[in-house]
Amino acid sequence: MNFKKNIFTRRIMLNSICGIACLLSSKNLFAQDAIGSPFRDRFQSYRQTFRIESDPEEAKRILRNIIKGRKIRDDLISLKAPDIAENGNTVPISFSVNCSMQNNDYPKVVHILVLDNPFPEIAKFYFTPESGEANVSIRIRMRTSSNIIAVAEMSDGTVGETQSYVDVTIGACS
Amino acid sequence: MANEERKNWRRRLRVPKSAIKGEIITIKTMAEHVMEPGVRRDPDTGVIYPKKIIDQVICRFNGKQIYKSQWFSGVSANPFMSFKMKALTSGLVEVEWVDDYGQSSFKKAVLLVFDENGNEIIPIKLDKNNSIKEIM
Amino acid sequence: MFFLKLLSIIYFYSLFCFNVISEEILDSPIIEKPYNNSELKSGNYFLREETRKIELDEFENPGMIWVERGEELFSLKEGKNDSSCLSCHNKDINSLVGVAISYPKVYNDKLLNLEQKINICRQNKMKLDTFELEGNRLLSLSSFVTYLSKGMPISVAIEGEAEKYFKKGKKLYFQRVGQMNLACNQCHDKIAGRYLRAERISQGHINGFPSYLMRWDSIASVHRRFQFCNNQARAEPLEIGHDDYNALQLYVSWRGNSLLIESPSVRR
């Protein structure tokens, strides 16, 4: 028997019409021109890969070199820093050294260090007796949640140190 | 966006206009500076932005240095710093911001200091004959 | 039977394709706002205490650097006619106090925001070159003009000429974008106040713009912030000054109608 099978059945017609309709209207499904079309993965460039990684051993070595084995006085310097930093780019901190600022009782240098930054030293402050009070506020950058350490070297050779832990977090989306 | 060459990066200084002798005043400073740490990269080309930070901030009162601060790359951009000074005589407060390329910018303000009776204290020391011995 | 089936499939499929279902959102009354006036909270409310303190003090606020520069640029004389903004807009005539509360508005059949209007003023009235969009000088001027209206409530107009832009902006607000398939209303209308990682989601008002954003260490305009939002949803961002962003800015400003202008504010 030699009859041709009818390939144009109703089922095939229906399916092919639906398929063509799908293809023609796929513009709205994939949104090629509208806001939100797929793109090359640009977000990789936002992950700025730092070549310089933080070295906690190096940071501790710097801290040891500043203190130089001297005995640390309690309650010499107090540091005020937020618990959670809104943004790592701007963390407002302030410190205050309680001393009389007369004769030989003033802080010669005050160091601020952040242990988990790629460059741990943040700032140094030099005071004189005319300063009145050793009370400074400044805004620093932190790369990740870490300890901020403030070390005060007095002019008579004693050292005071205090620490404060600040959380730096990643916010929405990213 | 920030590629324009601008020569007028702003510096701001706030010093109280007057004070009583012996009072401790707050001096606030702010500089407009990008404080590039030398680690960030351009997102399109991958080139590292060169390091450019403010190195030292020096405060002088009547020419004599009373406060110095050394900064490294950890200070935030557009840095704000406030410190204290003891007001003994009237005079000129001058703050200098020194770049790590050696360039400085200055900002000055005048401070008047009065004693309890309201007389202004002038930075001049007189000797026994009431003639000028030293200008502070 | 077969014909009915075919017709019904084609009918429902066309409904799906041509977004007839989503038109319902546009047909609802425009007056219905997600927050009524007593529930409106500026972005200030969702920040931590230290950041709020930075914004309140006019000296410590880094955005004031741009406002001061804007004031200088306002009176800067340029060009062969020695024209400056101050020659037309001084305190007595054409004062710019209260101008920023009604932007974006329609001018010559085109929706403009404050930055584009400044450029048009420069080109037509002062016959000078326009500023680069999102450049420091234009941002300084626009933050200065917005600072003059500080403390006044936003009141943008959505009737009349602005109605079609308002409808477009509303459609864009509810449209899902990006690889993450997020629409603005999913976060800012429904779950404002809750935490997304470590940030509190704000209600998404722009009463503080042009604002100092800590992530970029400079003043940013609304369009740059929209670009960032699009990038975060892994969507293709449009250029600064695009008409879609202007329409979206109109809708978002209307959403925050009666909030006081706080520019230059300090945000993350």
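**Note on strand pairing, helix packing and chain contacts**

1. In strand β6 of chain C, the residue that forms a bridge with C:Tyr212 is C:Ile219. This pairing, like everything else below, is read from a predicted model. C:Tyr212 and C:Ile219 belong to a wider register in which strand β5 (residues 211-213) of chain C is joined to β6(C) by 3 bridges, the two strands running antiparallel. Both strands are part of an open sheet of 3 strands in chain C, ordered β6-β5-β7, in which the pairing is mixed. The edges of that sheet are taken by β6 and β7 (266-267) of chain C, and each of these has a single partner strand, so one side of each is left without a neighbour in the sheet.

2. Two cis peptide bonds in chain C deserve a look beside this sheet. The bond from C:Phe209 to C:Pro210 is cis, with omega near -5 degrees, and C:Pro210 sits in the loop between β4 (199-200) and β5 of chain C. The bond from C:Ser263 to C:Pro264 is likewise cis, with omega near -5 degrees, and C:Pro264 is placed in the loop between α11 (243-255) and β7 of chain C.

3. Turning to the helices of chain C, helix α4 (residues 64-74) packs against helix α7 (residues 136-148) at an angle of about 95 degrees, and their axes are 7 Å apart. The two helices, α4(C) and α7(C), are therefore roughly perpendicular to each other. On the α4(C) side the contact involves C:Trp66, C:Val67, C:Arg69, C:Gly70, C:Glu71, C:Leu73 and C:Phe74, while α7(C) contributes C:Arg137, C:Leu139, C:Ser140, C:Leu141, C:Ser143, C:Phe144 and C:Tyr147. Sorted by class, the contact of α4(C) with α7(C) has 8 nonpolar, 3 polar and 3 charged residues.

4. How much of α7(C) is buried? Of its 13 residues, 12 are buried, so α7(C) is largely enclosed by the rest of the structure. The buried residues of α7(C) include C:Asn136, C:Leu138, C:Phe144, C:Val145 and C:Leu148, and among the elements that cover the buried residues of this helix are α4, α6 (114-125) and β6 (218-220) of chain C. The length of the helix is also in order: at 1.5 Å a residue, the 13 residues of α7(C) should span 18 Å, and its end C-alpha atoms are 18 Å apart, which agrees.

5. Two loop residues of chain C have a positive phi without being glycine. C:Glu134, with a phi of about 65 degrees, is found in the loop between α6 and α7 of chain C, and it counts as buried because 21 C-beta neighbours lie inside 10 Å. C:Asn181, with a phi of about 55 degrees, lies in the loop between α8 (163-173) and α9 (184-188) of chain C; C:Asn181 is exposed, with 12 other C-beta atoms within 10 Å.

6. Chains A and B share a sheet. It is an open sheet of 6 strands, in the order β2(A)-β4(A)-β7(A)-β6(B)-β3(B)-β1(B), and its pairing is antiparallel. The edge strands are β2 (77-80) of chain A and β1 (11-14) of chain B, each of which pairs on one side only, and from one strand to the next the twist averages 15 degrees. The two chains are linked where strand β7 (residues 134-140) of chain A and β6(B) run antiparallel, joined by 2 bridges, with B:Met81 in β6(B) as the bridge partner of A:Ile138. Within chain B, strand β3 (residues 24-31) is joined to β6(B) by 7 bridges, again antiparallel, and B:Thr26 stands opposite B:Lys84 in β6(B).

7. The contact between these chains involves 25 residues of chain B and 30 residues of chain A. On the chain B side, β5 (64-71) and β6 (80-86) each supply at least two residues, and the largest share, 7 residues, comes from β6(B). That side of chain B has 14 nonpolar, 6 polar and 5 charged residues.

8. Chain B also meets chain C, with 13 residues of chain B in contact with 11 residues of chain C. Here β1 and β3 of chain B are the elements that give two or more residues to the side of chain B, and the residues of that side divide into 5 nonpolar, 1 polar and 7 charged.

9. Elsewhere in chain B, strands β9 (residues 124-126) and β10 (residues 132-135) pair in the antiparallel sense over 3 bridges, B:Ile124 having B:Ile135 in β10(B) as its bridge partner. These strands form a hairpin with 5 residues between them, and B:Asn130 in the turn has a positive phi of about 60 degrees.

Terms used: Residues numbered from 1 in each chain as written. Chains lettered and ligands numbered in written order. Predicted model: local features only at pLDDT ≥ 70, side-chain atom pairs only at ≥ 80, totals over all residues. Axes fitted to C-alpha atoms, helices over the stretch in contact; angles between N-to-C directions. Helix = DSSP H or I, 4+ residues; strand = E, 2+ residues; numbered from the N terminus. Parallel < 35°, antiparallel > 145°, perpendicular 65-115°, else oblique. Contact = placed C-beta atoms within 7 Å. Nonpolar A, V, L, I, M, F, W, Y, C, P; charged D, E, K, R; others polar. Expected span 1.5 Å × (residues − 1). Buried ≥ 20, exposed ≤ 12 C-beta atoms within 10 Å, placed from the backbone. Pairing = 2+ DSSP bridges.
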